[in-house]
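Here's a quick tour for anyone opening this one up fresh. Take a look at the sequence and the model, then read on for the charged pairs and the core.

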Amino acid sequence: MYTDPRVVRFISDHFVPVRVHVGDQADEFKRLSAKYSAQWTPTILVIDSTGEERHRVEGFLPANDFLAQLELGLGHSAFARSDFTEAERWFREVVDQYPDTDAAPEALYWAGVARYKATGDAAALRETAQQFRQRYQGTSWAKKASVWN
C-alpha cells in the first residue's frame with residue numbers, strides 16, 4: 001500500500017499496523033468502522049495501547065504530509081499519556097522536518113502546550129505565540145495561540 005520507503009520504514013519503526021479491507025473482511029470492517037466512526041477509506045487511525053483513538057488521517061496524502069500526520073499522532077499519543085517531553089519532541093519534529101505541511105501549525109501549537117504542561121512556565125506559551133507571529137499567521141492555530149501574548 002505504501003510505496004515510499006520512508007513511510008514504510010517509519011510505520012515499521014513506530015506502529016503496529018492493522019489493515020482492514022472493506023470487501024475481504026466485511027464484518028470486521030463494519031465493527032471497526034462503527035467503533036471508530038470511519039466514514040471513508042483510507043482512514044488511518046493512531047490508536048494507543050488502550051484502544052483510544054489519538055489521531056486520524058482520512059484520505060490519501062503525499063509522503064511528507066502523511067509522515068507529518070503520523071508524527072503528529074505520536075505526539076498526541078504521548079500527550080495523552082502525560083509524557084509531555086516526548087510529546088513536545090514529536091511536535092517539534094513535525095515543525096522542523098515538515099514545516100510546509102498542514103500539520104506543522106497544529107504541531108507548533110501543541111509543542112507550546114506540551115512544554116507548558118511539562119514545566120508550568122507560561123513563557124512557553126508566550127514564545128509559541130511569538131513563533132506564530134513569524135510563521136503560520138493566517139491559520140486557525142495562530143488564532144488559538146494569540147491569547148498567549
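Asp4 and Arg6 pair up through their side chains in a salt bridge, with N and O 3.1 Å apart. Bear in mind that this is a predicted model. Across the whole structure, a search turns up seven salt bridges.

**Charged pairs**
- Side chains of opposite charge can pair when their charged atoms come close.
- In the Asp4 pair, Arg6 is partly exposed, at 35% relative accessible area.
- Asp48 and Arg54 also meet side chain to side chain in a salt bridge, at 2.9 Å from N to O.
- Asp48 counts as buried because its relative accessibility is 19%, which is under the 20% cut-off.
- Its partner Arg54 sits at 29%, so it counts as partly exposed.
- Glu86 bridges to Arg81, and their closest N and O atoms are 2.9 Å apart.
- Both ends of that bridge are partly exposed: Glu86 at 24% and Arg81 at 49%.
- Glu53, Arg56 and Glu58 are linked into one network by salt bridges that share partners.

**The nonpolar core**
- The largest nonpolar core is made up of 37 residues.
- Phe66, Phe79, Phe91, Tyr109, Phe132 and Trp148 have the most contacts inside this core.
- Elements giving two or more residues to the core are α1 (5–14), α3 (63–80), α4 (84–97), α5 (103–119), α6 (123–134) and α7 (140–145).
- The largest share, nine residues, is from α3.

**Around Tyr109**
- Setting aside neighbours within four places in sequence, Tyr109 touches Thr128, Phe132, Trp141, Lys144, Ala145 and Trp148.

Terms used. Residues numbered from 1 in each chain as written. Predicted model: local features only at pLDDT ≥ 70, side-chain atom pairs only at ≥ 80, totals over all residues. Heavy atoms only, no water. Core = buried A, V, L, I, M, F, W, Y, C linked by side-chain atoms within 4.5 Å. Buried < 20%, exposed > 50% of the residue type's maximum accessible area, 1.4 Å probe, protein only. Helix = DSSP H or I, 4+ residues; strand = E, 2+ residues; numbered from the N terminus. Contact = heavy atoms within 4.5 Å. Salt bridge = Lys/Arg side-chain N within 4 Å of Asp/Glu carboxyl O.
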